[in-house]
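Q: Could you take me through one part of this model up close? I'd like to see how the helices and the sheet at the start of the chain fit together.

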Amino acid sequence: MPTTSARLLSLLSLLQARRDWPGAVLADRLGVSPRTVRRDVDRLRELGYPIASAKGPDGGYRLGAGSALPPLLFDDEQAVALTVALQTAATTVTGIEEAAARALTTVRQVMPARLRHRVDALRVVAVQRAGAATKPRVEPALLMTLSAAVHAREELRFDYPSAPTAAPADGMPPPRRVQPHHLVTWGGRWYLVAWDLDRADWRTFRVDRITPRTPTGPRFTPRELPGGDVAAFVAGRFTGATGPGDWPCRGEVILDLPARTVSTWTRDGVVEELGPDRCRLVLGAWSWPGLAAVLGRYDADIEVVGPPELRAAFAHLARRYTAAAHPPPPVNSASARSLAPSAGRK
């Protein structure tokens, strides 16, 4: 039987891997009695892990969220992914460089040598594209505040100057009062799509200009966005030949990538966050196969929302790429000569 410490680590790893665990299944996986599982759960609770119990003949356990962050366990792939994310965090979000560096040091020093060598071999350096305008970065705390208000359907008040560095001569304008609906990215910038209560109209606000005021307002019943599609709405607000609404072919997909990652490489599309690792992308191109090819560059699983022409374009490219991956055998030169027509033959 493993020692108590090893058994506690095994129990914690199991609780992190699945939402609900019946007590009998945990006991069987650990090779101990249900009574020992109950004692080990109590020990983990004393260490700060919020573990909830379900009573009854099929009672079990669930690892929940607490008021403090307890120690966590990571497998090899998770540990490497975490260190890579910490290295790249400072290149995309301001205000967390020092914290990311400290977290990276903490993770690295407890890694096994085999993982430390893999991590040390990878160094991420952010390089600004020549001629590209520098986009203002947004603090993660501000994104979290706005996202929370969107999901909670709570009215927001915030200061919003007409220009990011200048205020009118008579001081700051009165705060804006809005009902937030969506947090999206366009051309590398974050925007808040909201119903402006004072102007009785829909507005898009640059997030880097927003300074929220507290507390948030009352809850509201969401209005229907014009057209019912946030991507089309945002695209319509930005004029010019580069908007996805101006392309002859325009499609919508869901990518298994964070919105922040996709927006970094999307210049003329609309990105909407659907979760920590999923986003919706609306993009345009001159042809359906061209659009499908552009979407393939994100190197992620793709769910086609529409239209059917885009789905057909993916199937067309799949056949073409399959043929390119399996070319026909070369023709023998002697056979080719024998099949060629003779110049003097009548």
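**Helix H1 and its neighbours**

A: H1 and H3 sit roughly perpendicular to each other, because the angle between them falls in the 65 to 115 range. In this predicted model, helix H1 covers residues 4–17 and helix H3 covers residues 34–46; they pack at about 85 degrees, and their axes are 10 Å apart. On the H1 side, the contact is built from Thr4, Arg7, Leu8, Leu11, Leu12 and Leu15, while H3 brings in Thr36, Asp40, Val41, Arg43 and Leu44. Sort those contact residues by class and you get 6 nonpolar, 2 polar and 3 charged.

Now for the other helix that H1 meets. Helix H2 (residues 23–30) has an axis that comes within 11 Å of the H1 axis, and the two cross at roughly 130 degrees. H1 and H2 are therefore oblique to each other, and their crossing is right-handed. Here H1 uses Arg7, Ser10, Leu11, Leu14 and Leu15, and H2 answers with Leu26, Arg29 and Leu30. By class, that contact of H1 with H2 comes to 5 nonpolar, 1 polar and 2 charged residues. Arg7, Leu11 and Leu15 of H1 turn up in the contact with H3 and also in the one with H2.

Next, the sheet. It's an open one with 3 strands in the order S1-S3-S2, and the pairing is antiparallel. Strand S1 (21–22) and strand S2 (51–53) are the edges, each pairing on one side only. S2 and strand S3 (residues 60–63) run antiparallel and are joined by 3 bridges; Ser53 is found opposite Tyr61 in S3. H1 packs on this sheet too, touching S1, S2 and S3, with its direction at about 80 degrees to that of S3. H3 lies across S2 and S3 and runs at about 140 degrees to S2. So, to pull it together, H1 packs with H3, and both helices also meet the sheet, H1 by touching S1, S2 and S3 and H3 by lying across S2 and S3.

A word on confidence before you zoom in elsewhere. The chain averages a pLDDT of 77, with 76% of the residues scoring at least 70. Among its elements, strand S4 (residues 156–159) has the highest mean, 93, and helix H12 (residues 333–339) the lowest, 55. Over residues 164–169 the pLDDT is below 50, and that stretch has 4 contacts beyond near neighbours in sequence. Residues 239–245 also stay under 50, though the model gives them 15 contacts beyond four places in sequence. Where pLDDT is low, predicted coordinates shouldn't be read in detail.

How values were computed:
Residues numbered from 1 in each chain as written. Predicted model: local features only at pLDDT ≥ 70, side-chain atom pairs only at ≥ 80, totals over all residues. Heavy atoms only, no water. Axes fitted to C-alpha atoms, helices over the stretch in contact; angles between N-to-C directions. Helix = DSSP H or I, 4+ residues; strand = E, 2+ residues; numbered from the N terminus. Parallel < 35°, antiparallel > 145°, perpendicular 65-115°, else oblique. Contact = heavy atoms within 4.5 Å. Nonpolar A, V, L, I, M, F, W, Y, C, P; charged D, E, K, R; others polar. Left-handed = near helix turned anticlockwise from the far one by under 90°. Pairing = 2+ DSSP bridges. pLDDT = per-residue confidence, 0-100.
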